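Work through these exercises on aromatic contacts. Each task is followed by a stepwise solution.

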Amino acid sequence: MSFPNSKNSIKRDKNSHHHLKKNSSQQNAGSFGLKLWLLMTIFSKKSSSEKGQLLVFVLLFGVAFIGLSMAMILSNLKEYKIVNQEINRQQGETLTENAVTYAQTFFNDNRLLLLFPLESFEEIAAGETSKSQMIQQGLRRCQSDEDWQRQLEEMKSYTSGDWLSIEMGKWRMTDYQYDPQKKVGTIIVESETEKNIKSRLKVPMNIEFYSVPVLHLLGLDTDGTGNLRFLGDIWVKNCQVDLNKFFFNNPNKNFSIYMTFPEPELPELGFGTVSGIPEQQQNIIINNPPSDIVFPRPGDVPSNAYTDSETGEEVLVFSYVIKSLNITNNSRKIILRNELNGKRVKIIFYLVKSARGSIVNQCSNGGIPCKPADFFLFAYGADGGLTLGEFDESNPQICLRINSYLNGVIVAPGYQVGLNRNGVQVQFDGFIIADTWDTSGSCGSNSPSIRLKSTLEWSDFPGDWEYELIPPMIAGNRNWQPLPVSGSERTSELSDYEEYDELTNYLRKFKSEQPPTYELLPSNASSFHFQYRNIMKEEEEEEEEETNN
C-alpha cells in the first residue's frame, strides 16, 4: 500500500484549509469595515443634526441671556437714575432749606435790618451818617470790638449779592423789602447745588416787635430791683448790669435783655411859657398841699384833642408843667381823672425837678376804664438830659407812693426812680424809663408786695413821641413761593409781581417770559418736591375741552 500521495493530500488539505481560513478572515474583515463605515456614516449624520440643534439652542439661549442682561441693565439704569434724582432732590432740598436758614439767622443776628430795604444795608454797615450810626448802636448790643467787626463783615458779605459757599453748593440773597402796613418782610433767596440744581424762592416772613417793657434802665444799676416782682420785660442799656438781679413772677414768659439802641428824645420843652399850654397850667408848684389835688382842676382846659384810631372816641389832652412836686404827708395825694363830661382824658406832666409823693388813678365808675396811656410823666432837668438851666439837678429822683394801683408812663432818662407803697399789695401798670432804680427804702421800697406789669401797646404812645427802632423779630414764615430761576438779577423786584396762593396761577404770570422747567420747587414752608409740568399745555387743553363742550 502506498502512502506518498496521502502526505501530499494532507499538505494540500492543510494549505487549502489555510487558504480558506485566510479568505474567510479577509471576508470577515471586509464585512466589519463595511459595517463600521455604515455605522460611522449613520452616526455622522445623527451627530451633525444634534450639533445643529445644539447650536440653535445655544444661539437662542445667548439671545435670551443678552435680553435678560439688557433688561437687568436697563432696570438698574432706571433705578440708578431714580436714585440719582432722589439724591439730587434731597441735596437741593437740604441746600434750599439751609440757604433760607442762613438768611433768617443773619436777620436774627441783625434784627433792626428787618425794618430797612436791602439797598440800604451797605450804607448802614458803613456807618457814615448819624442815622446809620444810631442803627449800628442798636445792632451792636454789648458786643466786643472784635465781635462787632466780624458782624459788620458778615453784614457786608450777606448783602453784597455775591454767591456764598455752603455745603453742597452756594447761595445768595438778592432782595429784601419790609412792608410796615402788613408787617411782612420778604426775602428772595437763590441757591444752586454742585450738580446745578437751582432754586429761587420768595420767602415772606411775619415780623413782630418786642412788647412794651415795664422797665427800661439806661444807667449802671449795680443793685437791680431787689425783691420787686415783674409781670413784664426789663430792658437794660448798660452792658455791665447783671441781668440776674431782676426777678419775675413768670420767668418762662418774661425776661431781662440788653437793648443798646438810643432812648427816645423827650418832647420839645422850652424855657418859661410852653407854647400850646394855658398859662394857669404852667410852672405849677405842689408842696405839701392841705388836701388832695384832682387833675384836671376846675378851670383847666385841654391843650389839644384827638380821635382814638382804634375806638373812635375823642380824647382830651390836658398838659401841665410841674416845677416842683413834694408831698411828704402820706395822707395827701394827686388824683388823676380819666374822664371828663363823658370823654376820655389824657394827662401829661412835664416835670423839671425831683418829685416825691402819692399819685393815684381815679377811673370812672362803670364808664371809661383806666388805661396806662392815660397818664404820661416826662421828666427834664437831669444832668446828661435836656438842660433847663435853673432846673438842673445833680441827682434828681422820682419817688412815688402807690395806694393800690397806678397806671402810667414815666419817661425820666436821667432820674433815679423808686416805688413805695401805702397799701398791703400795690401794683404799677405801665412803662418806666429811668437811669437807675432805687430800693433803699427812702425813695423806693424793696418789698415783694410791689408788682409791676405792662399792658401797653406801642400804638398807645403819642405820635410826636415814640420809640424809634423798636427791635423787631421774625415770628414765622408764610408759604414759600417759587420764582423763575433764570434771568434773576440783584434788583428790588418785590413790588413787580403780585402774590398768588397756587403755583399754577403764579407761574401763569411768567409763562411768556419763563416757561416751567425741571427745577426745585417748594410745595410749602417745610417740604419740597420736583415738579415737571407743561402748565401752559395743560391750560390750552383745558380751554380746548371747555370750547368743545
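**Exercise 1.** How many aromatic pairs does the count come to?

*Solution.* The model is predicted: local features need pLDDT of at least 70, side-chain atom pairs count only at pLDDT 80 or more, and totals for chains, interfaces and linings use all residues. Residues are numbered from 1 along each chain as its sequence is written, and side-chain values use heavy atoms, without hydrogens and water. Rings of Phe, Tyr and Trp (its six-membered ring) pair if their centres lie within 6.5 Å; planes under 30 degrees apart are stacked, over 60 edge-to-face, the rest tilted. The count is 22 aromatic pairs.

**Exercise 2.** Classify the pair Phe295 and Tyr320, then place it in the chain.

*Solution.* Take the centres: 4.8 Å apart. Take the planes: they meet at 75°, so the pair is edge-to-face. Now locate the partners. Phe295 lies in strand β10 (residues 293-295) and Tyr320 in strand β12 (residues 314-326), 25 residues apart. Strands here are DSSP runs (E, at least two residues), numbered from the N terminus.

**Exercise 3.** Is Tyr320 buried or exposed? Follow its ring to Phe349.

*Solution.* Buried means under 20% relative accessible area, exposed over 50%, partly exposed in between (1.4 Å probe, protein chains only). Tyr320 has 0%, so Tyr320 is buried. Tyr320 also pairs edge-to-face with Phe349, at 5.9 Å between centres and 90° between planes. This pair links strand β12 to strand β15 (residues 343-351), 29 residues apart. Phe349 is buried at 1%. Phe295 is buried too, at 1%.

Notes. Helix = DSSP H or I, 4+ residues; strand = E, 2+ residues; numbered from the N terminus.
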